[in-house]
Amino acid sequence: MEKKTKITAEEGKQDLVITREFDLPVALLFKAHVEAEIFEEWMSHEYGTTKVKKLEARRHGSWRFETTDAQGNMLFGANGVIHEFVENQKITRTFEMENTPFPVQIEYLEFEQLTEDTCRLKMQIVYKSVEYRDQHLKMPFEYGMNMAHNRLQDVLSKLK
Amino acid sequence: MNLRRDVFQAIADPTRRAILLLVASQAMTAGAIAANFDTARPTVSKHLQILTECELLGQEQNGREIYYHLNPQKMKEIADFIEPFRKMWDDRFNKLESIMKKYKPKK
């Protein structure tokens, strides 16, 4: 089974598709998206802790989360509303990155059971324009380099 | 494993990214690079070896010293932007999977 996460971003289109297969029953994959504590755990990383401020897992519910660094500075905030919500099948939601010029994105998440113990997630993200999509794709790289730079400055300041 | 994949593993490490930033401005010897980090010298050497193996760094002999410099061509390949984005989601999903596996009752 191909387990790697795949990204399809065709040139000149304003959407992208993320697909991934999991060794999990579909109900557990779905649970990881709707239970705040679990979501916080897999969305946190070495540089930041993610906290769910609101997660109304239902049609017309809204959501918001924040990622902060070790000093409590907010690194990233996002929010949106849920439009479609079908347990173990789909979530359609908007995604707004706070304090950025990015327009709201629409995300279509489809959860599919493959076998009793395996499932697939297909996530289509639609952007306002091709340019915004491409800019969003570049973010992790720039972010990574900034982080490295901060780390380097930490190291250098200790030497003084 | 292909080379391309190695490159992204190489930059996944914060120290190695910091090394790349250091040598971006000027070619440096291993000793000069190591002087910027708290980590032990052999650890820095290992990082330099990895970065050299995947061609992010080039080596140049100058007298008795070996200078490391950035390979801009390879760095450009990294800037091919989809891979870091994919890697970010792959890391998240790997984490999600391992967390939820613990939820599963033992069979």
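Helix packing, sheet and cores in a predicted two-chain model

User: In this predicted model, at what angle do helix H2 (residues 36–43) of chain A and helix H6 (residues 82–103) of chain B pack, and how far apart are their axes?

Analyst: The two helices pack at an angle of about 135 degrees, and their axes are 8 Å apart.

User: Why is H2(A) called oblique to H6(B)?

Analyst: Roughly perpendicular covers 65 to 115 degrees and roughly antiparallel needs an angle over 145. The angle here is about 135 degrees. It falls in neither class, so H2(A) is oblique to H6(B).

User: Which residues make the contact, and what is the hand of the crossing?

Analyst: From H2(A) come Ile38(A), Glu41(A), Trp42(A) and Met43(A), and from H6(B) come Arg92(B), Lys95(B), Leu96(B) and Ile99(B). H2(A) passes H6(B) in a right-handed crossing.

User: What makes Glu37(A) count as exposed?

Analyst: Glu37(A) lies in helix H2 of chain A. A residue is exposed if 12 or fewer other C-beta atoms lie within 10 Å of its own. Glu37(A) has 8 such neighbours, so it counts as exposed. Its C-alpha atom is separated by 8.3 Å from that of Lys51(A), 14 residues apart along the chain.

User: Which residues of helix H1 (residues 26–34) of chain A are buried, and what covers them?

Analyst: The buried residues are Val26(A), Leu28(A), Leu29(A), Phe30(A) and Ala32(A). Their cover includes strand E2 (15–22), H2, strand E7 (105–115) and strand E8 (118–126) of chain A, together with H6 of chain B. In chain A, buried residues make up 18% of the 160 residues.

User: What is the secondary structure of chain A, and how are its strands arranged?

Analyst: Chain A has 3 helices and 8 strands, in the sequence pattern β-β-α-α-β-β-β-β-β-β-α. An open sheet is formed by 8 strands in the order E1-E2-E8-E7-E6-E5-E4-E3, with antiparallel pairing.

User: What makes strand E1 (6–8) and strand E3 (49–55) of chain A edge strands?

Analyst: Each of these strands pairs on one side only. From one strand to the next, the twist averages 20 degrees.

User: How do you know that strand E5 (residues 74–86) and strand E6 (residues 90–97) of chain A pair?

Analyst: Pairing needs at least two bridges between the strands. There are 6 bridges joining E5(A) to E6(A), so the two count as paired, and they run antiparallel. Among the partners, Glu84(A) has Thr92(A) in E6(A).

User: Why are H2(B) and H4(B) called roughly perpendicular?

Analyst: Their packing angle is about 70 degrees, with axes 10 Å apart. Angles from 65 to 115 degrees count as roughly perpendicular, and H2(B) and H4(B) are therefore placed in that class. Thr15(B), Arg16(B) and Ile19(B) in H2(B) meet His47(B), Leu48(B), Ile50(B) and Leu51(B) in H4(B).

User: Which residues have the most contacts inside the largest nonpolar core, and where does this core come from?

Analyst: The largest nonpolar core has 16 residues, and those with the most contacts inside it are Ile19(B), Val23(B), Ile33(B), Leu48(B), Leu51(B), Leu56(B) and Leu57(B). Helix H1 (3–11), helix H2 (14–25), helix H4 (41–53) and strand E3 (65–70) of chain B each supply at least two residues. H2(B) gives the largest share, 4 residues. A second, separate core has 15 residues, including Leu24(A), Leu28(A), Phe30(A) and Leu121(A).

Terms used:
Residues are numbered from 1 along each chain as its sequence is written. Chains are lettered from A and ligands numbered from 1 in the order in which they are written. This is a predicted model: local features need pLDDT of at least 70, side-chain atom pairs count only at pLDDT 80 or more; totals for chains, interfaces and linings use all residues. A nonpolar core is a set of buried Ala, Val, Leu, Ile, Met, Phe, Trp, Tyr and Cys residues joined through C-beta atoms within 7 Å. A residue is buried if 20 or more other C-beta atoms lie within 10 Å of its own, exposed if 12 or fewer, and partly exposed in between; C-beta atoms are placed from the backbone. Axes are lines fitted to C-alpha atoms, for helices over the stretch in contact, and angles run from 0 to 180 degrees between N-to-C directions. Angles under 35 degrees count as roughly parallel, over 145 as roughly antiparallel, 65 to 115 as roughly perpendicular and the rest as oblique. A crossing is left-handed if the near helix is turned anticlockwise from the far one by less than a right angle, and right-handed if clockwise. Two residues are in contact if their C-beta atoms, placed from the backbone, lie within 7 Å.
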